[in-house]
Amino acid sequence: MDNYRAITLSPTIAKVFESYLLLIMQIFLHTSELQFGFKKGTGCRDPISVLYNTVHYYTNAGSTVNIACLDLSKAFDKVTVFGLPDKLMSRSIPKFL
């Protein structure tokens, strides 16, 4: 009895709704070819390969390569509440959604 956990269906219902919404909205959602995260068919190997090939190209040409890493994980905490609806409306997504 100490190990009892309630089971809820809300994550399942949310997943079904999310899948349906994605199917309907797919024609409005476009991303850059340079974006690797959160895209179907891409993973860590893709940006690592681009980085490796870029560094390899410039070092073979005799150049030096400087790399800077930026952690943007906290940036999403600072996004304005009205930013997402503005972005969606700029892509002509129906306002009723």
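Helices here are DSSP runs of H or I with at least four residues, strands are runs of E with at least two, and both are numbered from the N terminus. The model is predicted, so local features need pLDDT of at least 70 and side-chain atom pairs count only at pLDDT 80 or more, whereas totals for chains, interfaces and linings use all residues. Residues are numbered from 1 along each chain as its sequence is written, and side-chain values use heavy atoms, with hydrogens and water left out.

Begin with the whole chain coloured by secondary structure: there are 3 helices and 0 strands, and the order along the sequence reads α-α-α. Switch to a surface view, where the chain exposes about 9,700 Å², with 64% of that area supplied by carbon and sulfur atoms; such areas come from the Shrake-Rupley method with a 1.4 Å probe, and for residues only the protein chains shown count as cover. Of the 97 residues, 3% are buried, where buried means under 20% relative accessible area, exposed over 50%, and partly exposed in between (1.4 Å probe, protein chains only).

Next, select the largest pocket, whose volume is about 980 Å³. A pocket is an open set of points on a 1 Å grid over the protein atoms alone, where a 1.4 Å probe fits and protein lies on both sides within 12 Å along at least five of seven lines, and lining residues have an atom within 4 Å of a point. The volume is the space filled by probe spheres set on the points, which are joined across faces, edges and corners. The lining has 23 residues, and L22, M25, L29, H30 and T31 lie nearest the centre. Helices α1 (10-25) and α3 (83-90) are the elements that give two or more residues to this lining, and α3 gives the most, with 5 residues.

Stay with M25, which lies in helix α1 and is buried, at 8% relative accessible area. Add P94 to the selection: M25 and P94 are 69 residues apart in sequence, yet their C-alpha atoms are 9.3 Å apart in space.

Now move to R45 and D46, whose side chains meet in a salt bridge at 3.5 Å, N to O; the structure holds 1 such contact, defined as a side-chain nitrogen of Lys or Arg within 4 Å of a carboxyl oxygen of Asp or Glu. R45 is exposed, with a relative accessible area of 57%.

Finish at Y58, in helix α2 (residues 45-60), which is partly exposed at 40% relative accessibility.
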